[in-house]
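Grab a coffee and open the viewer. Here are some exercises to work through with the structure on screen, each with a solution to check yourself against.

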Amino acid sequence: MVEEVNELVSAIPFEDAKVSYFLETHQALFHIQAKYRFFFLNFFEILNHYPAIKETYLQRYELEKNFALQSLKVYMEKGVLRKDIRAEELDRIIEV
């Protein structure tokens, strides 16, 4: 699952920021999550019983938060999003 997500994210053309890429990427991420739904259906049980998986998940979560923040900043720079969004608002968007 992690390899598939990495492959998907590495193919995002940030230099050509379009909302369609954002939507297509998230649609592909949802398909990956559906493919590995057993993980999400047993999420807390897996994390509680497998410390190595929990550590990997927590590391990925931080990477994904940083990726989301950088993505939003690119969209702000490119004019896809408003340029005056405060850091606190960006954090709330990412945490939701």
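What follows is a set of exercises on this predicted model, each with a worked solution.

**Exercise 1. Get your bearings.**
Work out how many helices and strands the protein has, and what size of box its C-alpha atoms fill.

*Solution.*
Step 1: Count the elements. The protein has six helices and zero strands, so reading from the N terminus you get α-α-α-α-α-α.
Step 2: Look along the principal axes. The C-alpha atoms fill a box of roughly 45 × 25 × 20 Å.
Step 3: Check how much is tucked away. Of the 96 residues in the protein, 21% are buried.
Step 4: Turn to the contacts. Take those between residues at least 6 apart in sequence: 57% of them join residues at least 24 apart.

**Exercise 2. Classify a ring pair.**
Decide how phenylalanine 43 and tyrosine 57 pair: stacked, edge-to-face or tilted?

*Solution.*
Step 1: Recall what you need. A pair of aromatic rings is described by the distance of the centres and the angle of the planes.
Step 2: Take the distance. Rings pair if their centres lie within 6.5 Å, and here the centres are 4.9 Å apart.
Step 3: Take the angle. The planes are at 80 degrees, and over 60 counts as edge-to-face, so phenylalanine 43 and tyrosine 57 form an edge-to-face pair.
Step 4: Place the two rings. Phenylalanine 43 sits in helix 4 (residues 43-49) and tyrosine 57 in helix 5 (residues 51-78), so this pair ties together parts that are 14 residues apart in sequence.
Step 5: Check their surroundings. Buried means under 20% relative accessible area, so phenylalanine 43 is buried at 15%. Tyrosine 57, at 27%, is partly exposed.

**Exercise 3. Follow the rings along.**
Now do the same for tyrosine 57 and tyrosine 61, and find which residues form the aromatic cluster.

*Solution.*
Step 1: The ring centres of tyrosine 57 and tyrosine 61 are 6.3 Å apart and the planes are at 25 degrees, so this pair is stacked.
Step 2: Both tyrosines lie in helix 5, four residues apart, which is about one turn of the helix.
Step 3: Tyrosine 61 has 30% relative accessibility, so it counts as partly exposed.
Step 4: Zoom out. The count comes to six aromatic pairs, and Phe39, Phe40, Phe43, Phe44, Tyr57 and Tyr61 form one aromatic cluster.

**Exercise 4. Describe the largest pocket.**
Find how much space lies in the largest pocket and which element gives the most to its lining.

*Solution.*
Step 1: The largest pocket holds about 1,200 Å³ of space.
Step 2: Its lining is made of 36 residues, and those nearest its centre are His26, Leu29, Gln33, Glu64 and Lys65.
Step 3: Assign the lining to elements. Helix 1 (2-10), helix 2 (19-35), helix 3 (37-41), helix 5 and helix 6 (87-95) each give two or more residues. Helix 5 gives the most, with 14 residues.
Step 4: Sort by chemistry. The lining divides into 26 nonpolar, six polar and four charged residues.
Step 5: Pick one residue by the centre. Histidine 26 is in helix 2 and is partly exposed, at a relative accessible area of 32%.

**Exercise 5. Find the core.**
Which residues form the largest nonpolar core, and what does methionine 76 touch?

*Solution.*
Step 1: As background, nonpolar side chains in soluble globular proteins tend to be buried together.
Step 2: Here the largest nonpolar core has six residues: Leu69, Leu72, Met76, Ile85, Leu90 and Ile94.
Step 3: Helix 5 and helix 6 each give two or more residues to this core, and helix 5 gives the most, with three.
Step 4: Leave out residues up to four places away in sequence, and methionine 76 touches Leu81, Arg82, Lys83, Ile85 and Leu90.

**Exercise 6. Two residues, buried or exposed?**
Are arginine 60 and threonine 25 buried or exposed, and what do they touch beyond four places in sequence?

*Solution.*
Step 1: Arginine 60 lies in helix 5. Its relative accessibility is 16%, so it counts as buried.
Step 2: Arginine 60 touches Val2, Val5 and Asn6, with residues up to four places away not counted.
Step 3: Threonine 25 is in helix 2 and is buried, at 10% relative accessible area.
Step 4: Setting aside neighbours within four places, threonine 25 is in contact with Leu8 and Ile12.

How values were computed: Residues are numbered from 1 along each chain as its sequence is written. This is a predicted model: local features need pLDDT of at least 70, side-chain atom pairs count only at pLDDT 80 or more; totals for chains, interfaces and linings use all residues. Side-chain values use heavy atoms; hydrogens and water are left out. Rings of Phe, Tyr and Trp (its six-membered ring) pair if their centres lie within 6.5 Å; planes under 30 degrees apart count as stacked, over 60 as edge-to-face and the rest as tilted. Buried means under 20% relative accessible area, exposed over 50%, partly exposed in between (1.4 Å probe, protein chains only). On a 1 Å grid over the protein atoms alone, a cavity is a set of points where a 1.4 Å probe fits but cannot get out, and a pocket is an open set with protein on both sides within 12 Å along at least five of seven lines; lining residues have an atom within 4 Å of a point. Grid points are joined across faces, edges and corners, and a volume is the space filled by probe spheres set on the points. Ala, Val, Leu, Ile, Met, Phe, Trp, Tyr, Cys and Pro count as nonpolar, Asp, Glu, Lys and Arg as charged, and the others, Gly among them, as polar. Contact means heavy atoms within 4.5 Å. A nonpolar core is a set of buried Ala, Val, Leu, Ile, Met, Phe, Trp, Tyr and Cys residues joined through side-chain atoms within 4.5 Å.
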